[in-house]
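Hi,

Here is the structure I promised to pass on to you. Please open it first, and then read my notes alongside it.

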Protein chains: 2
Amino acid sequence: MAFKTLGAKAAAALDRELMSTGAFSIDQLMELAGLSVSQAVYRVHPIHKGRRVLVAVGPGNNGGDGLVAARHLRHYGYHPTVYYPKRSKNELYQRLAKQLEDLDVPFVDDFPKALSSADHVVDAIFGFSFSGEVREPFPAVINAMAETKIPVTSVDAPSSWDIEEGPPKSGVGSNFHPNFLISLTAPKPLVKHFKGRHFIGGRCVPKTSPILFVFLGTTDSSPPPKKRFVTPAIAAKYDFDVPEYEGLDQVVEVGSGGQKL
Amino acid sequence: MAFKTLGAKAAAALDRELMSTGAFSIDQLMELAGLSVSQAVYRVHPIHKGRRVLVAVGPGNNGGDGLVAARHLRHYGYHPTVYYPKRSKNELYQRLAKQLEDLDVPFVDDFPKALSSADHVVDAIFGFSFSGEVREPFPAVINAMAETKIPVTSVDAPSSWDIEEGPPKSGVGSNFHPNFLISLTAPKPLVKHFKGRHFIGGRCVPKTSPILFVFLGTTDSSPPPKKRFVTPAIAAKYDFDVPEYEGLDQVVEVGSGGQKL
(Lines give C-alpha, C1' and ligand atoms only; values in the text may rest on other atoms or scores of the structure.)
Protein backbone atom coordinates (compact mmCIF):
# COMPACT_ATOMS: atom_id res chain seq x y z
CA MET A 1 0.00 0.00 0.00
CA ALA A 2 1.33 3.44 -0.86
CA PHE A 3 1.66 6.35 1.50
CA LYS A 4 -0.72 9.16 0.78
CA THR A 5 1.09 12.18 -0.52
CA LEU A 6 0.98 15.91 -0.04
CA GLY A 7 0.76 18.07 -3.17
CA ALA A 8 2.78 21.22 -3.71
CA LYS A 9 0.03 23.65 -2.82
CA ALA A 10 -1.12 21.58 0.12
CA ALA A 11 2.46 21.39 1.42
CA ALA A 12 2.71 25.17 1.21
CA ALA A 13 -0.61 25.54 3.01
CA LEU A 14 0.54 23.13 5.73
CA ASP A 15 3.70 25.19 6.26
CA ARG A 16 1.63 28.34 6.56
CA GLU A 17 -0.71 26.62 8.96
CA LEU A 18 2.13 25.34 11.14
CA MET A 19 3.50 28.86 11.38
CA SER A 20 0.14 30.51 12.10
CA THR A 21 -2.26 28.42 14.14
CA GLY A 22 0.47 25.84 14.77
CA ALA A 23 2.56 28.55 16.45
CA PHE A 24 5.88 27.28 15.13
CA SER A 25 8.58 29.73 14.09
CA ILE A 26 10.44 29.18 10.86
CA ASP A 27 13.63 28.86 12.93
CA GLN A 28 12.12 25.96 14.81
CA LEU A 29 10.72 24.18 11.77
CA MET A 30 13.93 24.57 9.82
CA GLU A 31 16.01 23.33 12.75
CA LEU A 32 13.85 20.20 13.01
CA ALA A 33 13.81 19.66 9.24
CA GLY A 34 17.57 20.06 8.93
CA LEU A 35 18.11 17.77 11.90
CA SER A 36 16.02 15.12 10.13
CA VAL A 37 18.06 15.51 6.97
CA SER A 38 21.30 15.09 8.91
CA GLN A 39 19.97 11.92 10.53
CA ALA A 40 18.94 10.46 7.16
CA VAL A 41 22.45 11.10 5.82
CA TYR A 42 23.95 9.50 8.93
CA ARG A 43 21.75 6.45 8.28
CA VAL A 44 22.55 6.00 4.57
CA HIS A 45 26.13 7.19 4.72
CA PRO A 46 27.72 6.37 8.10
CA ILE A 47 30.96 8.18 8.85
CA HIS A 48 33.18 5.19 8.03
CA LYS A 49 32.07 5.56 4.39
CA GLY A 50 33.78 8.93 4.23
CA ARG A 51 33.36 12.21 5.99
CA ARG A 52 33.32 14.57 3.05
CA VAL A 53 29.72 15.62 2.48
CA LEU A 54 29.07 18.25 -0.18
CA VAL A 55 25.84 20.15 0.49
CA ALA A 56 24.31 21.95 -2.52
CA VAL A 57 22.20 24.77 -1.14
CA GLY A 58 19.47 26.55 -3.08
CA PRO A 59 18.14 30.05 -2.50
CA GLY A 60 14.99 29.16 -0.52
CA ASN A 61 13.70 27.05 2.38
CA ASN A 62 15.07 23.81 0.94
CA GLY A 63 18.49 25.43 1.02
CA GLY A 64 17.93 26.53 4.62
CA ASP A 65 17.24 22.91 5.58
CA GLY A 66 20.54 22.04 3.92
CA LEU A 67 22.42 24.67 5.92
CA VAL A 68 21.01 23.32 9.18
CA ALA A 69 21.81 19.74 8.12
CA ALA A 70 25.40 20.70 7.34
CA ARG A 71 25.81 22.07 10.88
CA HIS A 72 24.48 18.91 12.52
CA LEU A 73 26.64 16.76 10.23
CA ARG A 74 29.65 18.76 11.38
CA HIS A 75 28.73 18.06 14.99
CA TYR A 76 28.45 14.33 14.22
CA GLY A 77 32.01 14.40 12.93
CA TYR A 78 31.55 14.75 9.16
CA HIS A 79 33.47 17.32 7.17
CA PRO A 80 30.76 19.11 5.21
CA THR A 81 31.46 21.56 2.41
CA VAL A 82 28.78 23.96 1.26
CA TYR A 83 28.03 25.14 -2.26
CA TYR A 84 25.71 28.12 -1.88
CA PRO A 85 25.87 30.27 -5.02
CA LYS A 86 22.67 32.31 -4.57
CA ARG A 87 22.78 33.60 -1.03
CA SER A 88 19.50 34.78 0.38
CA LYS A 89 19.40 38.23 1.97
CA ASN A 90 16.92 36.84 4.47
CA GLU A 91 18.26 37.27 7.99
CA LEU A 92 17.59 33.66 8.99
CA TYR A 93 19.68 32.25 6.14
CA GLN A 94 22.46 34.69 6.91
CA ARG A 95 22.51 33.45 10.48
CA LEU A 96 22.52 29.80 9.41
CA ALA A 97 25.49 30.49 7.15
CA LYS A 98 27.30 32.33 9.94
CA GLN A 99 26.81 29.37 12.26
CA LEU A 100 28.59 27.21 9.68
CA GLU A 101 31.39 29.70 9.21
CA ASP A 102 31.97 29.65 12.96
CA LEU A 103 32.45 25.90 12.68
CA ASP A 104 35.02 26.44 9.91
CA VAL A 105 32.81 24.74 7.36
CA PRO A 106 34.15 25.75 3.95
CA PHE A 107 31.95 27.44 1.36
CA VAL A 108 33.01 26.68 -2.20
CA ASP A 109 32.21 28.25 -5.57
CA ASP A 110 33.25 25.46 -7.92
CA PHE A 111 30.72 22.65 -7.67
CA PRO A 112 32.37 20.16 -10.08
CA LYS A 113 35.70 20.56 -8.33
CA ALA A 114 34.11 20.08 -4.91
CA LEU A 115 32.24 17.05 -6.20
CA SER A 116 35.46 15.42 -7.30
CA SER A 117 36.59 15.16 -3.69
CA ALA A 118 33.25 14.39 -2.03
CA ASP A 119 32.05 11.11 -0.51
CA HIS A 120 28.37 12.04 -0.47
CA VAL A 121 26.19 14.84 -1.83
CA VAL A 122 23.15 16.45 -0.25
CA ASP A 123 20.83 18.04 -2.80
CA ALA A 124 19.12 20.90 -0.96
CA ILE A 125 18.60 23.08 -4.00
CA PHE A 126 14.85 23.06 -4.67
CA GLY A 127 11.96 21.78 -2.58
CA PHE A 128 8.20 21.59 -2.85
CA SER A 129 7.81 25.16 -4.04
CA PHE A 130 9.84 24.54 -7.19
CA SER A 131 8.18 24.74 -10.55
CA GLY A 132 9.12 25.73 -14.07
CA GLU A 133 12.66 26.04 -15.28
CA VAL A 134 15.91 25.47 -13.48
CA ARG A 135 17.72 28.79 -13.36
CA GLU A 136 21.42 29.49 -13.53
CA PRO A 137 23.77 28.40 -12.11
CA PHE A 138 21.89 25.24 -11.16
CA PRO A 139 21.48 23.37 -14.49
CA ALA A 140 25.13 22.36 -14.50
CA VAL A 141 24.93 21.40 -10.84
CA ILE A 142 21.94 19.15 -11.40
CA ASN A 143 23.61 17.62 -14.46
CA ALA A 144 26.68 16.91 -12.37
CA MET A 145 24.58 15.27 -9.65
CA ALA A 146 22.79 13.22 -12.32
CA GLU A 147 26.06 11.94 -13.75
CA THR A 148 28.18 11.39 -10.68
CA LYS A 149 28.71 7.98 -9.13
CA ILE A 150 28.89 9.59 -5.69
CA PRO A 151 25.70 8.87 -3.74
CA VAL A 152 23.20 11.72 -3.57
CA THR A 153 20.53 12.40 -0.95
CA SER A 154 17.78 14.78 -2.04
CA VAL A 155 15.84 16.88 0.43
CA ASP A 156 12.06 16.71 -0.08
CA ALA A 157 12.39 16.52 -3.88
CA PRO A 158 15.08 15.66 -6.40
CA SER A 159 15.89 19.17 -7.60
CA SER A 160 14.36 19.94 -11.00
CA TRP A 161 11.60 17.33 -10.58
CA ASP A 162 8.02 18.52 -10.83
CA ILE A 163 6.44 18.05 -7.42
CA GLU A 164 3.38 16.34 -8.88
CA GLU A 165 4.74 14.75 -12.06
CA GLY A 166 8.29 13.73 -11.17
CA PRO A 167 11.30 13.96 -13.47
CA PRO A 168 11.08 16.27 -16.47
CA LYS A 169 10.56 14.49 -19.80
CA SER A 170 13.64 16.11 -21.27
CA GLY A 171 16.40 18.55 -20.45
CA VAL A 172 17.91 19.34 -17.08
CA GLY A 173 17.01 16.73 -14.48
CA SER A 174 15.44 14.23 -16.85
CA ASN A 175 18.21 11.79 -16.00
CA PHE A 176 18.58 12.77 -12.34
CA HIS A 177 17.77 9.86 -10.05
CA PRO A 178 19.25 10.39 -6.60
CA ASN A 179 20.00 7.37 -4.45
CA PHE A 180 18.19 8.62 -1.37
CA LEU A 181 15.28 10.93 -0.67
CA ILE A 182 14.07 12.40 2.59
CA SER A 183 10.50 13.68 2.44
CA LEU A 184 9.77 16.36 5.00
CA THR A 185 6.55 15.84 6.98
CA ALA A 186 4.95 13.77 4.19
CA PRO A 187 5.93 12.40 0.77
CA LYS A 188 5.11 14.52 -2.26
CA PRO A 189 3.41 12.99 -5.32
CA LEU A 190 6.73 12.75 -7.19
CA VAL A 191 7.73 9.82 -4.95
CA LYS A 192 5.94 7.40 -7.25
CA HIS A 193 8.78 8.00 -9.69
CA PHE A 194 11.52 7.59 -7.10
CA LYS A 195 13.24 4.21 -6.91
CA GLY A 196 15.87 4.68 -4.20
CA ARG A 197 15.75 4.45 -0.43
CA HIS A 198 13.13 6.78 0.97
CA PHE A 199 12.83 8.39 4.40
CA ILE A 200 10.31 10.64 6.03
CA GLY A 201 11.42 13.24 8.56
CA GLY A 202 10.38 16.41 10.28
CA ARG A 203 8.71 15.19 13.39
CA CYS A 204 6.69 18.24 14.28
CA VAL A 205 3.16 17.35 13.29
CA PRO A 206 1.11 15.21 15.64
CA LYS A 207 -0.21 12.00 14.20
CA THR A 208 -3.69 13.16 15.05
CA SER A 209 -3.28 16.63 13.64
CA PRO A 210 -6.37 18.18 12.15
CA ILE A 211 -4.00 19.86 9.73
CA LEU A 212 -2.89 16.50 8.38
CA PHE A 213 -6.45 15.30 8.35
CA VAL A 214 -7.20 17.95 5.84
CA PHE A 215 -4.09 17.80 3.72
CA LEU A 216 -2.86 14.27 3.53
CA GLY A 217 -4.33 12.12 0.86
CA THR A 218 -5.00 14.99 -1.48
CA THR A 219 -2.96 16.89 -3.96
CA ASP A 220 -5.66 19.49 -4.16
CA SER A 221 -4.78 22.98 -3.06
CA SER A 222 -7.96 24.07 -1.34
CA PRO A 223 -9.25 21.72 1.29
CA PRO A 224 -12.88 22.31 2.14
CA PRO A 225 -13.03 24.58 5.18
CA LYS A 226 -15.61 22.41 6.87
CA LYS A 227 -12.98 19.71 7.30
CA ARG A 228 -10.40 21.98 8.77
CA PHE A 229 -11.28 21.86 12.43
CA VAL A 230 -12.00 18.23 13.03
CA THR A 231 -11.21 16.99 16.50
CA PRO A 232 -8.14 14.87 17.22
CA ALA A 233 -10.50 11.98 17.96
CA ILE A 234 -11.94 12.08 14.48
CA ALA A 235 -8.52 12.54 12.95
CA ALA A 236 -7.25 9.55 14.90
CA LYS A 237 -10.14 7.45 13.63
CA TYR A 238 -9.05 8.01 10.05
CA ASP A 239 -5.42 7.16 10.83
CA PHE A 240 -3.36 9.35 8.56
CA ASP A 241 -0.18 8.23 6.96
CA VAL A 242 2.20 9.67 9.48
CA PRO A 243 4.84 6.99 9.91
CA GLU A 244 5.70 5.41 13.23
CA TYR A 245 8.99 6.88 14.29
CA GLU A 246 11.21 4.70 16.46
CA GLY A 247 12.66 5.89 19.74
CA LEU A 248 14.49 9.18 19.41
CA ASP A 249 14.73 9.02 15.62
CA GLN A 250 13.76 12.10 13.67
CA VAL A 251 13.52 10.03 10.47
CA VAL A 252 11.87 6.79 9.49
CA GLU A 253 12.59 4.71 6.42
CA VAL A 254 9.66 3.87 4.19
CA GLY A 255 9.47 1.88 0.99
CA SER A 256 10.78 2.95 -2.35
CA GLY A 257 8.32 4.95 -4.40
CA GLY A 258 6.29 5.78 -1.31
CA GLN A 259 5.27 2.20 -0.54
CA LYS A 260 4.92 1.24 3.09
CA LEU A 261 7.66 -1.10 4.26
CA MET B 1 39.60 14.58 36.60
CA ALA B 2 36.71 16.97 36.86
CA PHE B 3 35.11 18.82 34.01
CA LYS B 4 35.70 22.50 34.04
CA THR B 5 32.56 24.38 34.86
CA LEU B 6 30.79 27.50 33.69
CA GLY B 7 29.74 29.99 36.36
CA ALA B 8 26.40 31.77 36.38
CA LYS B 9 27.65 35.01 34.90
CA ALA B 10 29.81 33.28 32.33
CA ALA B 11 26.86 31.09 31.29
CA ALA B 12 24.74 34.20 30.79
CA ALA B 13 27.52 35.84 28.79
CA LEU B 14 27.87 32.71 26.64
CA ASP B 15 24.14 32.76 25.90
CA ARG B 16 24.36 36.40 24.90
CA GLU B 17 27.37 35.66 22.75
CA LEU B 18 25.67 32.75 20.99
CA MET B 19 22.74 35.00 20.16
CA SER B 20 24.84 37.92 18.98
CA THR B 21 28.08 36.99 17.25
CA GLY B 22 27.04 33.31 17.27
CA ALA B 23 23.97 34.25 15.21
CA PHE B 24 21.66 31.75 16.92
CA SER B 25 18.06 32.67 17.62
CA ILE B 26 16.56 31.89 20.99
CA ASP B 27 14.07 29.62 19.18
CA GLN B 28 16.92 27.57 17.81
CA LEU B 29 18.88 27.35 21.05
CA MET B 30 15.80 26.44 23.05
CA GLU B 31 14.78 23.79 20.54
CA LEU B 32 18.22 22.20 20.75
CA ALA B 33 18.33 22.48 24.55
CA GLY B 34 14.86 20.97 24.97
CA LEU B 35 15.70 18.20 22.52
CA SER B 36 18.76 17.35 24.65
CA VAL B 37 16.64 17.25 27.78
CA SER B 38 14.14 14.91 26.13
CA GLN B 39 16.96 12.59 25.08
CA ALA B 40 18.40 12.51 28.60
CA VAL B 41 14.99 11.56 29.97
CA TYR B 42 14.65 8.86 27.31
CA ARG B 43 18.03 7.52 28.40
CA VAL B 44 17.39 7.44 32.15
CA HIS B 45 13.72 6.61 31.96
CA PRO B 46 12.91 4.48 28.90
CA ILE B 47 9.24 4.25 27.99
CA HIS B 48 8.78 0.78 29.49
CA LYS B 49 9.38 2.32 32.93
CA GLY B 50 6.19 4.33 32.53
CA ARG B 51 5.01 6.98 30.16
CA ARG B 52 3.72 9.56 32.59
CA VAL B 53 6.28 12.36 32.78
CA LEU B 54 5.39 15.40 34.84
CA VAL B 55 7.25 18.51 33.68
CA ALA B 56 7.53 21.35 36.20
CA VAL B 57 8.01 24.54 34.21
CA GLY B 58 9.36 27.78 35.63
CA PRO B 59 8.80 31.29 34.32
CA GLY B 60 12.07 31.73 32.37
CA ASN B 61 14.37 30.06 29.88
CA ASN B 62 14.75 26.91 31.96
CA GLY B 63 10.98 26.55 31.76
CA GLY B 64 11.09 27.06 28.01
CA ASP B 65 13.56 24.19 27.72
CA GLY B 66 11.06 22.11 29.67
CA LEU B 67 8.21 23.01 27.31
CA VAL B 68 10.28 21.95 24.29
CA ALA B 69 11.33 18.74 26.05
CA ALA B 70 7.70 17.90 26.81
CA ARG B 71 6.83 18.18 23.11
CA HIS B 72 9.65 15.87 22.02
CA LEU B 73 8.75 13.40 24.79
CA ARG B 74 5.20 13.37 23.46
CA HIS B 75 6.53 12.56 19.98
CA TYR B 76 8.61 9.69 21.43
CA GLY B 77 5.43 8.19 22.88
CA TYR B 78 5.46 9.44 26.48
CA HIS B 79 2.42 11.04 28.05
CA PRO B 80 3.76 14.28 29.48
CA THR B 81 1.79 16.51 31.80
CA VAL B 82 2.86 20.10 32.34
CA TYR B 83 2.74 22.14 35.54
CA TYR B 84 3.26 25.76 34.47
CA PRO B 85 1.88 28.07 37.14
CA LYS B 86 3.63 31.32 36.16
CA ARG B 87 3.09 31.68 32.45
CA SER B 88 5.39 34.05 30.67
CA LYS B 89 3.83 36.72 28.48
CA ASN B 90 6.78 36.31 26.14
CA GLU B 91 5.60 35.34 22.68
CA LEU B 92 8.05 32.44 22.34
CA TYR B 93 6.81 30.75 25.51
CA GLN B 94 3.22 31.27 24.45
CA ARG B 95 3.97 29.51 21.18
CA LEU B 96 5.76 26.63 22.91
CA ALA B 97 2.72 26.16 25.17
CA LYS B 98 0.37 26.27 22.17
CA GLN B 99 2.39 23.58 20.42
CA LEU B 100 1.81 21.35 23.45
CA GLU B 101 -1.89 22.14 23.59
CA ASP B 102 -2.16 21.10 19.94
CA LEU B 103 -0.72 17.73 20.95
CA ASP B 104 -3.35 17.44 23.71
CA VAL B 105 -0.69 17.61 26.41
CA PRO B 106 -2.54 18.43 29.64
CA PHE B 107 -1.61 21.45 31.76
CA VAL B 108 -2.33 20.94 35.44
CA ASP B 109 -2.61 23.29 38.42
CA ASP B 110 -2.23 20.85 41.29
CA PHE B 111 1.38 19.70 41.46
CA PRO B 112 1.08 17.23 44.37
CA LYS B 113 -1.92 15.57 42.75
CA ALA B 114 -0.13 15.31 39.39
CA LEU B 115 2.93 13.95 41.15
CA SER B 116 0.92 11.15 42.70
CA SER B 117 0.25 9.68 39.25
CA ALA B 118 3.62 10.40 37.59
CA ASP B 119 6.37 7.95 36.67
CA HIS B 120 9.08 10.57 36.26
CA VAL B 121 9.50 14.28 36.98
CA VAL B 122 11.40 16.87 34.96
CA ASP B 123 12.49 19.87 37.03
CA ALA B 124 12.62 22.79 34.61
CA ILE B 125 11.81 25.46 37.14
CA PHE B 126 15.04 27.44 37.60
CA GLY B 127 18.28 27.42 35.64
CA PHE B 128 21.60 29.18 35.74
CA SER B 129 20.08 32.62 36.21
CA PHE B 130 18.49 31.67 39.53
CA SER B 131 19.65 33.33 42.71
CA GLY B 132 18.18 34.36 45.98
CA GLU B 133 14.89 33.06 47.34
CA VAL B 134 12.46 30.60 45.83
CA ARG B 135 9.24 32.48 45.20
CA GLU B 136 5.67 31.24 45.41
CA PRO B 137 4.28 28.88 44.34
CA PHE B 138 7.53 26.98 43.90
CA PRO B 139 8.66 26.24 47.51
CA ALA B 140 5.99 23.56 47.91
CA VAL B 141 6.85 22.15 44.47
CA ILE B 142 10.53 21.85 45.31
CA ASN B 143 9.70 20.31 48.69
CA ALA B 144 7.50 17.77 46.93
CA MET B 145 10.29 16.93 44.45
CA ALA B 146 12.72 16.59 47.38
CA GLU B 147 10.47 14.15 49.20
CA THR B 148 9.04 12.03 46.39
CA LYS B 149 10.39 8.59 45.56
CA ILE B 150 9.60 9.22 41.89
CA PRO B 151 12.82 9.85 39.94
CA VAL B 152 13.56 13.48 39.11
CA THR B 153 15.66 14.90 36.27
CA SER B 154 16.77 18.49 36.74
CA VAL B 155 17.53 20.78 33.82
CA ASP B 156 20.87 22.62 34.16
CA ALA B 157 20.48 23.01 37.92
CA PRO B 158 18.45 21.41 40.70
CA SER B 159 15.94 24.20 41.26
CA SER B 160 16.69 26.26 44.37
CA TRP B 161 20.40 25.36 44.32
CA ASP B 162 22.88 28.18 44.15
CA ILE B 163 24.67 27.96 40.80
CA GLU B 164 28.08 28.33 42.41
CA GLU B 165 27.55 26.90 45.89
CA GLY B 166 25.05 24.09 45.39
CA PRO B 167 22.21 23.20 47.75
CA PRO B 168 21.10 25.82 50.25
CA LYS B 169 22.27 25.22 53.81
CA SER B 170 18.73 25.32 55.12
CA GLY B 171 15.16 25.84 54.03
CA VAL B 172 13.63 25.10 50.63
CA GLY B 173 15.84 22.86 48.54
CA SER B 174 18.34 22.00 51.27
CA ASN B 175 17.21 18.37 51.04
CA PHE B 176 16.57 18.33 47.26
CA HIS B 177 18.84 15.84 45.52
CA PRO B 178 17.47 14.91 42.10
CA ASN B 179 18.45 11.55 40.61
CA PHE B 180 19.54 12.97 37.28
CA LEU B 181 20.94 16.23 35.98
CA ILE B 182 21.42 17.46 32.46
CA SER B 183 23.85 20.35 32.18
CA LEU B 184 23.27 22.49 29.12
CA THR B 185 26.43 23.30 27.10
CA ALA B 186 28.67 22.89 30.13
CA PRO B 187 28.34 21.90 33.81
CA LYS B 188 27.82 24.65 36.34
CA PRO B 189 29.92 24.81 39.53
CA LEU B 190 27.07 23.29 41.57
CA VAL B 191 27.79 19.88 40.00
CA LYS B 192 30.44 19.18 42.59
CA HIS B 193 27.56 18.72 45.06
CA PHE B 194 25.53 16.52 42.73
CA LYS B 195 25.75 12.77 43.28
CA GLY B 196 23.37 11.33 40.67
CA ARG B 197 23.79 10.48 36.99
CA HIS B 198 24.96 13.49 35.06
CA PHE B 199 24.57 14.35 31.38
CA ILE B 200 25.71 17.20 29.21
CA GLY B 201 23.56 18.36 26.30
CA GLY B 202 22.95 21.24 23.96
CA ARG B 203 25.17 20.45 21.03
CA CYS B 204 25.44 23.87 19.49
CA VAL B 205 28.89 25.06 20.44
CA PRO B 206 31.84 23.81 18.45
CA LYS B 207 34.53 22.03 20.41
CA THR B 208 37.01 24.55 19.15
CA SER B 209 34.86 27.58 19.85
CA PRO B 210 36.71 30.72 20.83
CA ILE B 211 33.68 31.44 23.00
CA LEU B 212 34.31 28.32 25.02
CA PHE B 213 37.98 29.07 25.09
CA VAL B 214 37.17 32.17 26.98
CA PHE B 215 34.40 30.96 29.21
CA LEU B 216 35.11 27.42 30.23
CA GLY B 217 37.18 26.99 33.30
CA THR B 218 36.24 30.30 34.78
CA THR B 219 33.36 31.55 36.83
CA ASP B 220 34.38 35.08 36.14
CA SER B 221 31.99 37.29 34.26
CA SER B 222 34.34 39.36 32.19
CA PRO B 223 36.81 37.41 30.11
CA PRO B 224 39.76 39.46 28.99
CA PRO B 225 39.01 40.77 25.48
CA LYS B 226 42.44 39.79 24.23
CA LYS B 227 41.49 36.13 24.59
CA ARG B 228 38.21 36.45 22.80
CA PHE B 229 39.27 35.93 19.23
CA VAL B 230 41.69 33.09 19.45
CA THR B 231 41.86 30.88 16.41
CA PRO B 232 40.30 27.42 16.38
CA ALA B 233 43.79 25.99 16.19
CA ILE B 234 44.77 27.58 19.47
CA ALA B 235 41.49 26.63 21.06
CA ALA B 236 41.98 23.05 19.89
CA LYS B 237 45.42 22.99 21.42
CA TYR B 238 44.00 23.72 24.85
CA ASP B 239 41.34 21.02 24.49
CA PHE B 240 38.32 22.41 26.28
CA ASP B 241 36.01 20.25 28.22
CA VAL B 242 33.37 19.81 25.57
CA PRO B 243 32.43 16.14 25.79
CA GLU B 244 32.66 13.73 22.88
CA TYR B 245 29.13 13.13 21.74
CA GLU B 246 28.40 9.74 20.15
CA GLY B 247 26.73 9.41 16.76
CA LEU B 248 23.48 11.34 16.59
CA ASP B 249 23.18 11.80 20.35
CA GLN B 250 22.37 15.25 21.63
CA VAL B 251 23.46 14.23 25.13
CA VAL B 252 26.45 12.51 26.63
CA GLU B 253 26.73 10.97 30.07
CA VAL B 254 29.55 12.18 32.26
CA GLY B 255 30.55 11.20 35.76
CA SER B 256 28.71 12.11 38.90
CA GLY B 257 29.74 15.41 40.41
CA GLY B 258 31.21 16.53 37.11
CA GLN B 259 33.94 13.89 36.98
CA LYS B 260 34.92 12.55 33.60
CA LEU B 261 33.78 8.97 33.03
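At what angle do the axes of helix α2 and helix α3 of chain A cross? They cross at roughly 55 degrees and come within 7 Å, with α2 covering residues 26-44 and α3 residues 61-76.

Before going on, some housekeeping. This is a predicted model, where local features need pLDDT of at least 70 and side-chain atom pairs count only at pLDDT 80 or more, while totals for chains, interfaces and linings use all residues. Residues are numbered from 1 along each chain as its sequence is written, chains are lettered from A and ligands numbered from 1 in the order in which they are written, and side-chain values use heavy atoms, leaving out hydrogens and water.

**Helices against helices**

Two packed helices are described by the angle between their axes and the distance between the axes. Helices (H or I, at least four residues) and strands (E, at least two) are DSSP runs, numbered from the N terminus. Axes are lines fitted to C-alpha atoms, for helices over the stretch in contact, and angles run from 0 to 180 degrees between N-to-C directions.

α2(A) and α3(A) are therefore oblique to each other (under 35 degrees counts as roughly parallel, over 145 as roughly antiparallel, 65 to 115 as roughly perpendicular and the rest as oblique). Their crossing is right-handed (the near helix is turned clockwise from the far one by less than a right angle; anticlockwise would be left-handed). Among the residues in this contact (heavy atoms within 4.5 Å) are A:M30 and A:L35 of α2(A), and A:V68 and A:L73 of α3(A).

α3(A) also packs with helix α4 of chain A (residues 91-101), at an angle of about 25 degrees and with the axes 9 Å apart. That makes α3(A) roughly parallel to α4(A). This crossing is left-handed, and the residues making the contact include A:L67 of α3(A) and A:L96 of α4(A).

Which helix of chain B does α2(A) cross at roughly 50 degrees? It is α2(B), and the two axes come within 8 Å. That makes α2(A) oblique to α2(B). The contact is made by D27, Q28, E31, L32 and L35 of α2 in chain A and in chain B.

**The sheets**

Strands of a sheet pair through backbone hydrogen bonds, either parallel or antiparallel. In chain A, an open sheet of eight strands has mixed pairing and the order β3-β2-β1-β4-β5-β6-β7-β8 (two strands pair if DSSP finds at least two bridges between them). Its edge strands, β3 (107-108) and β8 (251-254), each pair on one side only. β2(A) (residues 81-83) runs parallel to β3(A), joined by two bridges, and A:Y83 has A:V108 as its bridge partner. α2(A) packs on this sheet, touching β4, β5, β6, β7 and β8, and its direction makes about 155 degrees with that of β6(A).

Chain B has an open sheet of eight strands too, with mixed pairing. There, β7(B) (residues 197-201) and β8(B) run antiparallel and are joined by four bridges, with B:H198 opposite B:V254.

**Salt bridges**

The whole structure holds 18 salt bridges over all chains (a side-chain nitrogen of Lys or Arg within 4 Å of a carboxyl oxygen of Asp or Glu). In one of them, A:D119 pairs with A:R52, the closest N and O atoms being 2.9 Å apart. This pair links distant parts of the chain, 67 residues apart.

Enjoy exploring!
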